Amino acid sequence: MNVGALKLPPASLRLKLTLGYALVFILASVLGAVLIYLVASTQLTRSLDATLEETAAVALGNIEREAGALRFAAGLNVRSELALELLNARGQVTAQAGGHEHLTPGLPRPGFQTVEDWRVYSVPLEGGGWLRVMRPTDLLSGLLETLARVLVGAALLMIVLSCLGGYLLADRALKPIDQVALAAASIARRGAYRERVPVAPGGDELTRLSTTVNAMLGSLEGTIEQEKQFARMAAHELRTPLTTLAGRVELLLDRPRDGDAYRAGLLQLQERIGALRALSEGLLSLARTDAPPTLEPVELAGTVLAVAEDLRPEFRAAGKTLHLDVEEGWAQAEPEGVRQATVNLLQNALKYGGPQVTLRVRPGELSVADDGPGPAREDWPRLLRPLERGPGVQGLAGSGLGLAVVAALARRWGAELRPEWAQPGFTVTLHFPGVNG
Ligand SMILES: Nc1ncnc2c1ncn2[C@@H]1O[C@H](COP(=O)(O)OP(=O)(O)OP(=O)(O)O)[C@@H](O)[C@H]1O
Ligand SMILES: [Mg+2]
């Protein structure tokens, strides 16, 4: 595997994170700037209006009416940036004070108004006519323009800074992930499943990621070592009978013999070959238990009765009796597996048990009992492992795979394999899940 191909484009996630940060920041900055602008513009307009109102209040006390005509009293002092007008009921200007300005003609409306570049405050007078106070808005718009420029500049600066900061933050956060990815890629490339990736300090998500990757490597290492050990043992088990076989053939061929001697030799070879075949079939059964299970309801009684019928001649030949105590019972399992487990357990009872063997089926339960002593209790866990046999069975055919296959099948079905010792008698029971008892 090429490590270059495993390396992700280094900037992609960083870029996405940075753009994400920047987008959030741009939105926040624009919103903030608009808000500041609106608040400032409202406040400035309000203070301008307050000045107009105050001026109007002063001017109202300085209006004289002479022969029906309105005019300002001589003592009225008006600031130069303000313009004051008195209008008659028809909207014509009859008197002016302060700065002079001509607005579009028309009847004034009471209250505040913005007309062209002027802020206007109109007050209706008692007895007809209007007082109009005006002030140019150019100072206000100048201020707001400067504020807008400052806000845009500040927002741009913030966006640039946020992009930079976002990139640095993303880079810092992602660097340990890169390290884990690179270490994992290197382990994958070299097949070095005993190595581990560096654990990120800090007890955060990254620590969790690296410890999880390491836990995965640990469990992979366990499985690989187990497989290797099994392959070594299987090779060893196969080598012994093959060597014996080769020796026998050599012995048979070392000088000419008569027909009977050849026949006897060939019969011995046939027996050895049978044992070898049983061993390879056992290994194959065990290998098959690694495939993912497809469970289905299995009718136990019918399945085991067929097996019992097949094995009955072997029991008869050995002078043993096979009793059947079978009720109807169903289990979530695999039909072929149930058959295989029954064969293995019955063959063990036949080989190692006493003269009476009982095959029993109850709902969710399948057991084989024999009246022998059973294996030593302390040996039981070991005997469930492949290629393990009890002491003193060398003379009996077998390779130590039968119980290992039954145990592996039980694990596939979530069933429990339970041994029970009685005085005398030994029973092995398969308890299927989902049924009480
Ligand atoms: N019913 C039993 N009574 C006494 N000992 C038993 C019984 N069943 C199993 N054993 C012991 O457990 C060992 C392992 O059994 P297992 O079925 O795995 O292998 P095997 O019978 O020796 O060989 P194989 O089943 O591969 O032909 C046996 O060698 C035997 O010592
Ligand atoms: Mg066996």
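Okay, let's start in the middle of things: the buried residues of helix α5 pack against three helices, α4 (205–253), α7 (335–352) and α9 (402–413). Which residues of α5 are buried? They are Leu279, Gly282, Leu283, Ser285 and Leu286.

Keep in mind that this is a predicted model. The average pLDDT along the chain is 89, and 95% of the residues reach at least 70. Residues 1–5 are another story, since pLDDT stays under 50 there. Where pLDDT is low, don't read the predicted coordinates in detail.

Back to α5, residues 259–288. Its 30 residues, at 1.5 Å each, should span 44 Å, and the end C-alpha atoms sit 42 Å apart, so the two agree.

Now the sheet. Five strands make an open sheet in the order β9-β11-β12-β14-β13, and the pairing is mixed. β9 (321–326) and β13 (416–421) are at the edges with a single partner strand each, so one side of each has no neighbour in the sheet. On average, neighbouring strands here are turned by 15° against each other, ignoring direction.

How do β9 and β11 pair, parallel or antiparallel? Parallel, over six bridges, with β11 covering residues 356–362. His323 stands opposite Thr358 of β11.

Helices lie across this sheet too. α6 (300–317) crosses β9, β11 and β12 (365–370), at about 170° to β9. And remember α7? That helix lies across β11, β12 and β14 (426–431), running at about 15° to β12.

Last thing: an unreviewed UniProt entry annotates residues 20–40 and 150–170 as "transmembrane region". In the model, residues 20–40 are 100% helix, and residues 150–170 are 100% helix as well.

How values were computed: Residues are numbered from 1 along each chain as its sequence is written. Chains are lettered from A and ligands numbered from 1 in the order in which they are written. This is a predicted model: local features need pLDDT of at least 70, side-chain atom pairs count only at pLDDT 80 or more; totals for chains, interfaces and linings use all residues. UniProt positions are given in the numbering used here, feature names are shortened, and annotations may be inferred rather than shown by experiment. Helices (H or I, at least four residues) and strands (E, at least two) are DSSP runs, numbered from the N terminus. pLDDT is the predictor's confidence in each residue, from 0 to 100. Two residues are in contact if their C-beta atoms, placed from the backbone, lie within 7 Å. The expected span of a helix is 1.5 Å times one less than its number of residues. A residue is buried if 20 or more other C-beta atoms lie within 10 Å of its own, exposed if 12 or fewer, and partly exposed in between; C-beta atoms are placed from the backbone. Two strands pair if DSSP finds at least two bridges between them. Axes are lines fitted to C-alpha atoms, for helices over the stretch in contact, and angles run from 0 to 180 degrees between N-to-C directions.
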